[in-house]
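Trainee: I am new to this structure and would like a close look at a single part of it. Please take one helix and follow what lies around it.

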Amino acid sequence: MTDINARIDAEVKSSDVVLFMKGTPQFPMCGFSGQVVQILDYVGVPYKGVNVLEDQEIREGIKAYSNWPTIPQLYVKGEFVGGCDITREMFQAGELQALLAEKGIAVKQAS
């Protein structure tokens, strides 16, 4: 495993839910990252945001790590879930909430 792969692997495993994104959860720097942040905030799961704009090696390395060409990228319990479109579709269908629950991650109940 290369150095950058080892760093990314450590990030992916550092939290139950990790989002590689442009910007931060408090200040997304692109609309796609912002949409995933809104979804994760809505379902109420704690997650770690990794700002790829701060580190060019991670920005390029994450694409090879996941074999996925775009950012944002969502990981749950070390497993790649997808980018913005997949995350949004899973959320709308209730599949994201089911995946999180299946992995033992508590989600906020809809009121």
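Mentor: A residue is called buried here when its relative accessible area is under 20%. This is a predicted model, and the part to look at is helix α5, which spans residues 95-102. Its buried residues are Leu-96, Leu-99 and Leu-100. These leucines lie on the same side of α5, because they cover an arc of only 95° around the axis. The spacing fits a general rule: an α-helix has 3.6 residues a turn, so residues three or four places apart point the same way. After the helix comes Gly-104, with a positive phi near 80°.

What does the buried side of α5 pack against? Its buried residues pack against two helices, α2 (31-43) and α4 (84-93). They also pack against the strands β1 (17-21), β3 (73-76) and β4 (79-82).

Of these partners, β1 deserves a step-by-step reading. Strand β1 is mostly covered, with 5 of its 5 residues buried. Both of its faces are covered. Val-17, Leu-19 and Met-21 are buried on one side, while Val-18 and Phe-20 are buried on the other.

Next come the strands that pair with β1. In general, strands of a sheet pair through backbone hydrogen bonds, either parallel or antiparallel. With β3, strand β1 pairs in the antiparallel sense over 4 bridges. In that pairing, Val-17 stands opposite Val-76 of β3. Strand β2, residues 48-51, runs parallel to β1 and is joined to it by 4 bridges. Leu-19 has Gly-49 of β2 as its bridge partner, and Phe-20 has Val-50.

The pairings can now be put together. The strands form an open sheet of 4 strands in the order β2-β1-β3-β4, with mixed pairing. Strands β2 and β4 are the edge strands, each pairing on one side only. On average, neighbouring strands of this sheet are turned by 25° against each other, direction ignored.

One helix named earlier also belongs to a unit with two of these strands. Together β1, α2 and β2 make a right-handed β-α-β unit. Helix α2 is thus part of that unit, and α2 is also among the elements that the buried residues of α5 pack against.

Methods:
Residues are numbered from 1 along each chain as its sequence is written. This is a predicted model: local features need pLDDT of at least 70, side-chain atom pairs count only at pLDDT 80 or more; totals for chains, interfaces and linings use all residues. Side-chain values use heavy atoms; hydrogens and water are left out. Buried means under 20% relative accessible area, exposed over 50%, partly exposed in between (1.4 Å probe, protein chains only). The arc is that of the directions from the helix axis to the C-beta atoms. Contact means heavy atoms within 4.5 Å. Two strands pair if DSSP finds at least two bridges between them. A crossover is right-handed if, with the strands pointing away from the viewer, the path from the first strand over the helix to the second runs clockwise. Axes are lines fitted to C-alpha atoms, for helices over the stretch in contact, and angles run from 0 to 180 degrees between N-to-C directions.
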